[in-house]
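Welcome! Let's walk through this structure together, one step at a time.

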Amino acid sequence: PAWIELSAHVAKVGAAVQEVYAPVLTKAARSLRTASMFAGDFHTWTAEARDSFVQFRKEFRDVFRELAAASSQPAPAVQDTSGGGGYQAEQESSRSRRQQKQKQKAPASAKTPGALLPRLVEDLCGDIASQLAALDQSNAFSWQILEEALHALSALAKDVADVTANGFAAIGKVVLDGLEALAADSGPMVRAGCHRQLLSTFLQCASVYSPLFAPSSVLFAAHEGLAKRLFDMARASLAIREEVTEGADAAYPFRAKQDHNGVVCLLKLCGPQGGKASLLPEEAAQVLRADLKRHLLETSTAPATATLHAHSVLVLAQ
């Protein structure tokens with residue numbers, strides 16, 4: 001489409017030009033998001049039509065990520081402030097600079113938000129907030145709208161994490177505030193009747209933002225309890241069957257790629273964050289070992305009724 005070509009062009013020019021075209025591209029992104037939303041009768045579609053839609057959503061994530069890509073800004077060059085001093089001083093300064101270059105590698109480029117990233121994050125978190133408001137006011141909300149916003153938001157996790165670590169913490173904070181509100185006791189994720197696709201996408205989205213609430217993150221202090229909350233939710237989700245063979249739920253497997261999203265969330269929470277320790281205390285391992293034993297027994301003795309497939313049990317073992 002022409003707007004994709006426009007996006008590629010404005011990405012190469014200055015920030016001022018990006019700001020001019022940002023409203024147009026934001027509107028185009030909204031149209032693309034609308035097309036990626038689950039239809040109310042999705043479970044009645046043919047298997048081929050459902051597969052095509054799922055493939056479209058995967059391709060949408062790639063395009064959406066490209067639209068929002070953060071800009072790489074090289075670190076500012078070190079200026080010579082020696083103030084002159086003639087030919088000899090100039091030669092000594094030149095030798096010093098050469099030695100400095102040999103000792104140090106070129107500074108890494110810092111990630112700064114492009115014109116679209118803050119707009120898209122604000123738009124997505126605004127949709128989440130509006131559904132939470134509807135839940136508070138009328139005890140009802142659209143799981144499709146909320147699921148679509150989380151699906152799109154998960155595609156931006158790497159860029160949001162990059163810019164948050166480089167001085168733009170406000171962008172990451174908006175995301176974590178939304179995730180905490182969704183996971184709260186009064187939120188839609190823990191209510192009876194929560195749609196399996198919504199919970200699955202929420203766990204997927206929350207897990208990819210785990211670097212933002214890791215101990216090394218600037219946002220850790222304000223969101224310290226989020227990891228434990230997600231850990232409990234992910235463990236509880238292991239009771240949800242990965243795949244249902246009959247009824248409307250058969251159209252919504254509890255996974256994004258190959259593995260149960262609750263298991264994938266646990267793997268991200270328990271793994272090292274940025275080379276540092278896990279987000280969870282060592283006691284979590286004891287709890288997970290008990291879970292693993294139970295699911296190993298289920299898959300080996302009663303695979304037809306087990307909630308996890310064998311490959312997801314292997315991921316749980318990790």
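Which helices each supply at least two residues of the lining of the largest pocket? They are α3 (47-68), α6 (143-154), α7 (157-164), α9 (196-208) and α11. Keep in mind as you look around that this is a predicted model.

Let's stay with that pocket for a moment. Its volume is about 1,000 Å³. The lining is made of 38 residues, and those closest to the centre of the pocket are Lys58, Gln204, Arg255, Ala256 and Lys257. Among the contributors, α3 gives the most, with 9 residues. If you sort the lining by class, you find 15 nonpolar, 9 polar and 14 charged residues.

Two of the helices on that list, α9 and α11, also take part in helix packing, so to speak, and α10 is a good guide to both. Start with α9 and α10. The axes of these two helices are 11 Å apart, and the helices pack at an angle of about 140°. Angles over 145 degrees would count as roughly antiparallel, and α9 and α10 are therefore described as oblique to each other. Their crossing is left-handed. To see where they touch, find Leu199, Phe202, Leu203 and Ala206 in α9, which meet Leu230, Met233, Ala234 and Ser237 in α10. This contact has 7 nonpolar residues, 1 polar residue and no charged ones.

Now turn to the other partner of α10. Helix α10 (residues 226-237) and α11 cross at roughly 150°, and their axes come within 8 Å. That angle makes α10 roughly antiparallel to α11. Here too the crossing is left-handed. On the α10 side you can pick out Ala227, Leu230, Phe231, Ala234, Arg235 and Ser237, and they meet Gly262, Cys265, Leu266 and Leu269 in α11. By class, the contact comprises 7 nonpolar, 2 polar and 1 charged residues. Did you spot some familiar names? Leu230, Ala234 and Ser237 of α10 appear in the contact with α9 and in the contact with α11.

One more step takes us from α11 to α13. Helix α11 (residues 261-270) packs against helix α13 (residues 310-317) at an angle of about 15°, and the axes lie 9 Å apart. The two helices are therefore roughly parallel to each other, and they cross in a left-handed way. Val263, Leu266 and Leu267 in α11 meet Ser312, Val315 and Leu316 in α13. The contact holds 5 nonpolar residues, 1 polar residue and no charged residues. Leu266 deserves a second look: this α11 residue takes part in the contact with α10 and in the contact with α13.

Note on methods: Residues are numbered from 1 along each chain as its sequence is written. This is a predicted model: local features need pLDDT of at least 70, side-chain atom pairs count only at pLDDT 80 or more; totals for chains, interfaces and linings use all residues. Side-chain values use heavy atoms; hydrogens and water are left out. Axes are lines fitted to C-alpha atoms, for helices over the stretch in contact, and angles run from 0 to 180 degrees between N-to-C directions. Helices (H or I, at least four residues) and strands (E, at least two) are DSSP runs, numbered from the N terminus. Angles under 35 degrees count as roughly parallel, over 145 as roughly antiparallel, 65 to 115 as roughly perpendicular and the rest as oblique. A crossing is left-handed if the near helix is turned anticlockwise from the far one by less than a right angle, and right-handed if clockwise. Contact means heavy atoms within 4.5 Å. Ala, Val, Leu, Ile, Met, Phe, Trp, Tyr, Cys and Pro count as nonpolar, Asp, Glu, Lys and Arg as charged, and the others, Gly among them, as polar. On a 1 Å grid over the protein atoms alone, a cavity is a set of points where a 1.4 Å probe fits but cannot get out, and a pocket is an open set with protein on both sides within 12 Å along at least five of seven lines; lining residues have an atom within 4 Å of a point. Grid points are joined across faces, edges and corners, and a volume is the space filled by probe spheres set on the points.
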